[in-house]
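Biologist: I would like a close look at a single part of this model, followed outward into its surroundings. Please give the cut-off behind each term as it arises.

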Amino acid sequence: MQNTSQSLFERGLKVLVEGVSSASRGPATFGGAPRYMSHGQGARLYDVDGREYIDWMMAFGALPLGHAHPKVVETITREVTRGTHFATALEVEVEVAEILVNLLPHVDKVRFANTGTEAAMAAFRLARGHTGRRKIIKFEGHYHGWSDAVLINTNPYPPTLLGHPNDPIRIPDSSGIPEEAWKDTIVVRWNDVEALERAMAIHGHDAACVVTEGVMSNMGVIPPKSGYLNRMQELCHQYGALFYLDETVTGFRLAAGGAAELYGLSPDIVTYGKALGGGLPMAMIGGRAEVMAGLEWGKVLHFGTHNAGRLALHLTKVMLETMLADNQAGFSRIKDLGLKMGSEVRRVAKANNRHGIVVQGVNSMFQVFFTEKEEITDFRDFCTYVDRMKFRDFALRLMDKGIYMNPSATLHSLSSIVHTEADIAATARAMAEVLEEMP
Ligand SMILES: Cc1ncc(COP(=O)(O)O)c(C=O)c1O
């Protein structure tokens, strides 16, 4: 069998770090050469050797409309002939902001950025500027981009390194991060009301914000316990800390109004990325007018040559219009497909009960955990009970059968509006075969 991916990887290793541009796409995740993709169409990806894959990763969730959607192609083809980027004020910038502010009741104003990391960096600075406080309260296993202040406790570790649940050991996830960068970042166990109440009693009055993912999405998929996020919001109000909901993953995926809508929340600050741009880099910081006013006239500074790129804004507009049309039919569709996929994987896993498998999902997002536990409810469960090597084996075997899921168990899969029932059936068949073959 031709293996152009392997030879590209060998060439790439000579000129690119790890042969790729983000560790999650390279050998650290694939254990060797990743598949080099040549093009995508609808729910399909095609590699450089012409092999076809049903894509359940969709660029880490950046593609709610799938690959090369006709409306996307039409928009980009039209707009690119009028110039790529001006770094000036734009009509489409106002139009997209109007759609977002009309859609999200907790957002009075937005500021556009390019990536989830940048948006989060600006949001932390804004929270500190607005409150005049230093501390940031974040949760174990939650990822808010790769900036120094919050790149701690985002990777799975051996359980012995986690420390006491009341007082997690803080561990930076990279060399090159000085302690000063994260000394004011407090790490708390997630999905545990008592742990949060205790942390707020100690740090709440010094906290600029409490930041959370709405669904824990960087340790597979772990939903919040009932009422947990509402209690977090209440505690923020009680202590005068801003409630910052990071919707980078959940935004325009779980519901039109993201995790805030799904769980009935009214955050003070939100950030979005990924799906927002429909496939081009686009992110935003949004919030109540008096909080967002902190960014005015550079009181809290946020710059960026590529902020509000015009092509990306046109794509954002098309993505929003398409997903919101017919009474938000796009969101109903991805939810139905995601739930169906989740129940099919459960059915297949039950039929082959040699492997302990738990499937967790929320609407369009799902993940398969190889575990003997009945449920994975937080980071500590994930670190202690999830067999990540087995998941990688599972995902790599699926790849050979034309199903593309990222081989990292910490990530997840998701549906787009172009997936079909036939894709679900084909994926379930491939999974049944793989589970049969796996040791
Ligand atoms: C919850 C969350 N916040 C922020 C980010 C950072 O986004 P980006 O990769 O666009 O910088 C991510 C990326 O996966 C994320 O999952």
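**A close look**

Modeller: Leu-245 belongs to strand β10, which covers residues 242-246; helices (H or I, at least four residues) and strands (E, at least two) are DSSP runs, numbered from the N terminus. The model is predicted, so local features need pLDDT of at least 70 and side-chain atom pairs count only at pLDDT 80 or more, while totals for chains, interfaces and linings use all residues. Residues are numbered from 1 along each chain as its sequence is written, and side-chain values use heavy atoms, with hydrogens and water left out.

Leu-245 counts as buried because its relative accessible area is 0%; buried means under 20%, exposed over 50% and partly exposed in between, with a 1.4 Å probe and protein chains only. Setting aside residues up to four places away in sequence, Leu-245 touches Thr-212, Glu-213, Gly-214, Ala-259, Ala-260, Leu-265, Pro-267, Ile-269, Val-270 and Thr-271, where contact means heavy atoms within 4.5 Å. By contrast, the C-alpha atoms of Leu-245 and Leu-315 are 24 Å apart, with these positions 70 residues apart in sequence.

Glu-213, one of the residues that Leu-245 touches, leads to the ligand. The residues around the ligand are Thr-115, Gly-116, Thr-117, Tyr-143, His-144, Gly-145, Glu-213, Asn-218, Asp-246, Thr-248, Val-249 and Lys-274, a residue being near a molecule or strand if one of its heavy atoms lies within 4 Å of it. This shell divides into 2 nonpolar, 7 polar and 3 charged residues; Ala, Val, Leu, Ile, Met, Phe, Trp, Tyr, Cys and Pro count as nonpolar, Asp, Glu, Lys and Arg as charged, and the others, Gly among them, as polar.

Specific atom pairs can be named within this shell. A polar backbone atom of Gly-116 is 2.9 Å from an oxygen atom of the ligand, and a nitrogen atom of the ligand lies 3.3 Å from a backbone N or O atom of Tyr-143. The side chain of Lys-274 places an N or O atom 2.9 Å from an oxygen atom of the ligand. The ligand taken alone exposes 390 Å², of which the protein buries 84%; accessible areas come from the Shrake-Rupley method with a 1.4 Å probe, and for residues only the protein chains shown count as cover.

Lys-274 itself is found in the loop between β11 (269-272) and β12 (283-287). Although not a glycine, Lys-274 has a positive phi of about 35°, and its relative accessible area of 30% makes it partly exposed.

Tyr-143 of the ligand shell is also touched by Thr-154, together with Lys-138, Gly-141, His-142, Asp-173 and Met-219, not counting residues up to four places away in sequence. Thr-154 sits in the loop between β5 (135-139) and β6 (163-164) and is buried, at a relative accessible area of 8%. The side chains of Thr-154 and Asp-173 are joined by a polar contact of 2.6 Å; such a contact is a pair of N or O atoms within 3.5 Å, where within protein one must be able to donate a hydrogen and the other to accept it, and residues adjacent in sequence count only if both atoms are side-chain atoms.

Thr-212, another residue touched by Leu-245, is also in contact with Met-232. Leaving aside neighbours within four places in sequence, Met-232 further contacts Phe-139, Trp-190, Leu-196, Val-210 and Phe-243. The largest nonpolar core has 99 residues, and Met-232 is among those with the most contacts inside it, along with Leu-100, Phe-112, Phe-252 and Phe-394; a nonpolar core is a set of buried Ala, Val, Leu, Ile, Met, Phe, Trp, Tyr and Cys residues joined through side-chain atoms within 4.5 Å. Helix α12 (residues 310-351) gives the most to this core, with 14 residues. A second, separate core has 22 residues, including Ala-113, Ala-127, Ala-208 and Val-291.

Helix α12 also holds Asp-326, which is exposed at a relative accessible area of 68% and has a positive phi of about 50° although it is not a glycine.

Phe-394 is in turn touched by Leu-435, as are Val-348, Ala-349, Asn-352, Arg-354, His-355, Ile-357 and Phe-370, not counting residues up to four places away in sequence. Leu-435 is placed in helix α15 (residues 421-437) and counts as buried, at 2% relative accessibility. Leu-435 and Asn-352 are 83 residues apart in sequence, with 6.9 Å between their C-alpha atoms.
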